[in-house]
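Student: I should like to look closely at one part of this structure and then understand how it fits into its surroundings. Could you take me through it step by step, in one connected account?

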Amino acid sequence: VFDGWDLVSETSPSTPTFQIVAVAGRRFALDSAAVVSAIDPVAPTHVPGTPAWVRGVIMWEGQVVPVLGTAERLGLGAVAARQLLELKVGGEPFFLEIEALGDEVSALDFERSDQRMIIGFVQVAGESVPILDLNLLTDISDEAAG
Amino acid sequence: VGTVDRARLAGEAEELVDALGQRLLALEGSGASREIINECFRGVHTIKGLAVAIGNMAVAEVAHRVESLLESCAGEPEIPAPVLDLVHEAAELFARELAGFDGKRRRAATEVIEDLCARLDAATRPADEGAEASKRHLLAGVDPDLLGVLAKRERQHLAEAMSAGTPVVRVLMAWSPQAMRAGVARVKSALGKLGEMIAFVPGPDLPGDDLRLDAVLATGADPTAVTAATTASGARVVAVESIIAGAGRDVDLVRSSSRTVRVDIRKIDALLGAVGELSVLAAGLGTVETGLRHGGAVKAADHLAAELAQLSEYIVELQHGLIGFRMVALRPMMSRLGRVARRIAQSSEKRVRLEVSGAQTEVDKVIVDELSEPLLHLVRNAIDHGIEPAAERQRAGKPAEGTVRIGARQDGSQLVVEVSDDGRGVDVARVRELAVETNLVSAVRAATLDDREVMELLFQRGFSTCSEVNLVSGRGVGLDAVRASIGRLGGVIGISSEHGAGVTFDIRVPITLAMVHGILVRVGDRTFAMPVSGVVESAPVTADELSGAGPRFEIEFRKGRLPAYRIADLLGFEASPGSMIAVVTGVGSGRLGLLVDEIAGAQDIVVKPMPTALSKISYVAGAAELGGRQTVLVLDVPALIAAARDRRDAGV
């Protein structure tokens, strides 16, 4: 069933664990290895010429870090953020707007998915929670206007 | 020798080599002044000592021979040019081997050292024994790495070709392993038809599986013909290069390779003073704590406010002091530039004098390093394309010797560098024609451009006024690359020229990148920062002074008209126009106005680069924190100017 190790995390050496987050009233799972911390929302500075779901940038620990509107990115409409989740994707920091931070779960296997932005589904307490494709989610370049 | 020592010695070596370079240039100007020869001798002697200290015996050997050579020249009325060339070559070897040594860099091949030693020995002998030496002098300018791999017979062959005045090129070829087997013989016969094959030599490795084998060819043929013949024989041509040393590596020679700076002890003392004050302040904060504990909250708060104000003052002082550590004089870079310029002039067989002023100006080391490449390019352009051959100059009533000037000065928080020559200047009419021929602009559009705008086309990608392929320059890097390098430093470059009288490039870059002085501009409800280095001045614009329907407007500025754009239009966001201020940016021909609502202030900002995911967003050079957690985008003024120009060229 499981053949997507490399999609989950290049470095994850043991059982994959997922961070559950709430976005626009739904639950999503993220590769725990990419999660750094969660902070209170900070008003980002908008960058002209970026897609609407790129909220802007904030200065964080001496670096300029993009803040992404997760709900809008997933086509769930614009929702005000309650928290910002700091991620490291491909070595680069990002903040995702989330509503709430949930549990961390381990899962030995999960179903694959062909849906855009979704790697697959992990079973949490009998519910199928979609696992977000962080590489795609944070890819601004393909839709950015020069 | 420890790592720290190595870094320190490398810095010292670089200074020694620079000083030697300056004395050699003086020697050239003054004839064989005993005094200067002695200074050179002492310089080389110190370098020898340093080489021994770090265990580079090969360099010590070379230095020893240079000493002997200089000694044998003392008392001569004039030092012959080939001898000077040899000493210059040795100085460059010292620079590469000592200044650049960080343990990683590959040392020169033993044969290169041996060859240089042999040539130094030959030149040191009395003149009547120097028949062989004169042949060696012919090879003095040849890339030492190449000489190192040539067999003695091939070297002789090369010297003969060069004494006959035939240009010699190295054809850099890449081969697939299958093609190479039969291909080499085919290339040999194909190139043999174009000139005289001197040797096949191994080339530096390429990424991938391709094999490298280069041909050394004496030929008067056009490089395109050489490329065609080689390609037809099954090899991929990487480049056709002159074998004159450093034709493609001048930049390495001009750019400083050391990552260390030497700091004046007084600068350190000043900082230590500030740190001392900080400790006093820390003690003062202790009394605030005591005050709070004993209930005097309001009084303690006042006390705290005063101490905090002091604290920020000291932090600024420390920050400025540390930035001061990064400041170095332009002189070493300028003197290296002089060395390379001299060699370019030699190989172009023109008479050129390089005049440098303002070399004492202090600039951030990073800026100096990054500036070396564009400056070298401008100087090379001036010598190759600007300065005319002596005969042509005399016909035009100019002195036979051309002059290239580099003048530097500080202007507030900016460094201003002017590179000018008294050569043939820019033929605006010809540039206009070429721009149309190369489809840079339409014929209709070209006719509407004024001279200033036509000159601006010189900075466009793909523009070259020189159709002949020149071995020294004209190899791909044009003025567009120069402007891009300057732009990366947050600076601007403009050009002015009088046909027949020369060209002047005007460069403005910030003195330091660690902190830039920015002005804050408001557009709608957004605030942006712009480095002051990109700003000429700002002035309110009334409705009467503005014409045009947009996005391109024109404003009246200093009795002329200036194109102007709303920043909101260039960046592509909505903002209802309020009152208008024009921020005038760019230099010379590239000058234009950017329309904003308000100037919201000015302050020193530390510009942080944009995240990789957003690096494709042009117009934004980075972001900066203003305090109070407010983050602003820092506009990339050169990119905005380029965007405005593109819109105009597209006829928008």
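Tutor: Gly295(B) comes after helix 12 of chain B and has a positive phi, near 90°. This is a predicted model, and every value in this account is computed from it.

Helix 12 itself covers residues 265-293 of chain B, 29 residues in total. From its first C-alpha to its last it reaches 43 Å, close to the 42 Å that 1.5 Å a residue would lead one to expect. Which of its residues are buried? Leu271(B), Ala274(B), Leu281(B), Gly284(B) and Val288(B) are buried in this helix. Part of their cover comes from helix 13, residues 297-325 of chain B.

Helix 15 of chain B, residues 365-386, may be examined in the same manner. This helix has 22 residues and extends 30 Å between its first and last C-alpha atoms, close to the expected 32 Å. At Ser372(B), helix 15 bends by about 35°, and the proline Pro374(B) follows within four residues. The N-terminal end of helix 15 is capped by Asp364(B), which places a side-chain oxygen 3.0 Å from the backbone nitrogen of Val366(B). Why can helix 15 be called largely enclosed by the rest of the structure? The reason is that 18 of its 22 residues are buried.

Both helices belong to a chain with 22 helices and 22 strands. Of the 652 residues in chain B, 48% are buried. The accessible surface of this chain amounts to about 30200 Å², and carbon and sulfur atoms hold 53% of that area. Among the contacts in chain B with a separation of 6 or more, 69% join residues 24 or more positions apart. A pairing of C-alpha atoms shows how positions distant in sequence can be brought together: those of Glu97(B) and Val59(B), 38 residues apart along the chain, are separated by 7.4 Å. Glu97(B) belongs to helix 4, residues 81-99 of chain B. Its relative accessibility is 7%, under the 20% cut-off, and therefore Glu97(B) counts as buried.

From here one may turn to the meeting of the two chains. Thr631(B) lies in strand 22, residues 631-635 of chain B, and is buried at a relative accessible area of 9%. Beyond its neighbours within four places in sequence, Thr631(B) touches Thr45(A) and Met59(A) in chain A, as well as Ala623(B), Ala624(B) and Glu625(B) in its own chain. The contact between the chains involves 21 residues from chain A and 21 residues from chain B. Together the chains bury about 1700 Å², with 66% of this area on carbon and sulfur atoms. On the side of chain A, Pro48(A), Met59(A) and Val64(A) lose the most area to chain B, together 36% of what that side buries.

Finally, we return to the matter of phi. Most residues other than glycine have a negative phi. Chain A nevertheless holds Ala24(A), whose phi is positive at about 50°, and Ala125(A), whose phi is positive and near 45°. Ala24(A) sits in the loop between strand 1 (17-23) and strand 2 (26-31) of chain A, and with a relative accessible area of 25% it is partly exposed. Ala125(A) occupies the loop between strand 10 (118-124) and strand 11 (127-132) of chain A. Its relative accessibility is 82%, over the 50% cut-off, so Ala125(A) counts as exposed.

Note on methods
Residues numbered from 1 in each chain as written. Chains lettered and ligands numbered in written order. Predicted model: local features only at pLDDT ≥ 70, side-chain atom pairs only at ≥ 80, totals over all residues. Heavy atoms only, no water. Helix = DSSP H or I, 4+ residues; strand = E, 2+ residues; numbered from the N terminus. Buried < 20%, exposed > 50% of the residue type's maximum accessible area, 1.4 Å probe, protein only. Contact = heavy atoms within 4.5 Å. Areas by Shrake-Rupley, 256 points an atom, 1.4 Å probe, with all protein chains shown as cover. Expected span 1.5 Å × (residues − 1). Bend = angle between axes of the 7 residues up to and from the residue. Polar contact = N/O pair within 3.5 Å; in protein donor to acceptor, adjacent residues only side chain to side chain. Buried area = accessible area lost by both parts, 1.4 Å probe.
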